[in-house]
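Me: I should like to learn how to read the architecture of a model such as this one. Could we begin with the sheet and then turn to the helices and the core?

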Amino acid sequence: MAKPAVIVVGADKGGVGKTTVSRTVLDYFNANNVTTRAFDTESPRGTLKRFHPDITEIVDVTTTSDQMKIFDTLNSSGNSVTVIDVRAGLLSPTLASLRDIGFLDAAKSGQITFAVFHILGPSIASLDEIAETANFMDSARYFLVKNFINNTSFFEWDQATYNSYFHKIKNATELTIPKLNEMAYEQVEVASVPFLKFVANKGTRDEPANYSFVLRGYVRHWLGNVWGEFDRIKLTEIVGSKDKPAMKPTGEI
């Protein structure tokens, strides 16, 4: 069996759209036929699970028992990739726990593929997060994600200051998630379906839906651009899949 891959998506700051990024990652792997499971750490309510209920389990990542649910089953779950959507404020503590249980050592020795999608906000606080997480990144593929989904402008960043933080981490890679039309984003939220199902005009159980053609078009175009970023970093190859990059999302009229 191919070695398991774990992708952590998170930030210490709230409101930066990390769950939106997790949803695009799950859609991308689905389109590429990469078997994936997800853990939603917004315990007990959950946010990611609302959109991907069939593959998502809600956990409290701060408890040993739930850490065991995730990491003791990496080789036995039958899934190539495990995506962990880390709730606000828990990125650094979660990485510290991964160090303490020996996960980072296992990743460094090549037993596990490990990637971190660090979702950045516009304030200097996000840059301070980079300094904190840098200590854990020796064994990970580290992606700094500028997410514009929430009208983020990153106006508070001085480029020289950002560069000084960015270069602290060896092999860090930037990703950009473009803004999605607000009405389209809102409609997907109301529908509570993955972006792919919305584009395909399908409901939660794949039944025919009646979403706006215009709004589906906006989502299709946006999701194609996001997937273009994932293609650029060769995300499927990172997690051990040799499939060709996914085609752009398509949907019925």
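Reply: Strands of a sheet pair through backbone hydrogen bonds, either parallel or antiparallel. In this predicted model, an open sheet of 7 strands follows the order β3-β2-β4-β1-β5-β6-β7, with parallel pairing. The twist averages 20° from one strand to the next.

Me: Which are the edge strands?

Reply: They are β3 (56-58) and β7 (173-177), each of which pairs on one side only. At the β3 end, 3 bridges connect it to the parallel strand β2 (residues 36-40), and Phe39 stands opposite Glu57 in β3.

Me: Where does α10 lie relative to the strands?

Reply: Helix α10 lies across β5 (113-120) and β7, and its direction makes an angle of about 170° with β7.

Me: At what angle do α1 and α10 pack?

Reply: Helix α1 (residues 18-31) and helix α10 (residues 213-232) pack at about 75°, their axes being 10 Å apart. Because angles of 65 to 115 degrees count as roughly perpendicular, α1 is roughly perpendicular to α10. The residues that meet include Thr24, Val25 and Tyr28 from α1 and Trp222, Val226 and Phe230 from α10. By class, this contact has 8 nonpolar, 2 polar and 2 charged residues.

Me: Which residues touch the most other members of the largest nonpolar core?

Reply: Of its 44 residues, these are Ile7, Phe29, Val83, Phe117 and Phe230. The largest share of this core, 7 residues, comes from α10. Among the residues that Ile7 touches are Val25, Phe29, Val83, Phe117 and Leu235. Another core, of 36 residues, lies apart from it and includes Ala106, Leu120, Tyr142 and Ala172.

Technical notes. Residues numbered from 1 in each chain as written. Predicted model: local features only at pLDDT ≥ 70, side-chain atom pairs only at ≥ 80, totals over all residues. Heavy atoms only, no water. Axes fitted to C-alpha atoms, helices over the stretch in contact; angles between N-to-C directions. Helix = DSSP H or I, 4+ residues; strand = E, 2+ residues; numbered from the N terminus. Parallel < 35°, antiparallel > 145°, perpendicular 65-115°, else oblique. Contact = heavy atoms within 4.5 Å. Nonpolar A, V, L, I, M, F, W, Y, C, P; charged D, E, K, R; others polar. Core = buried A, V, L, I, M, F, W, Y, C linked by side-chain atoms within 4.5 Å. Buried < 20%, exposed > 50% of the residue type's maximum accessible area, 1.4 Å probe, protein only. Pairing = 2+ DSSP bridges. Lists of a residue's contacts leave out its neighbours within four places in sequence.
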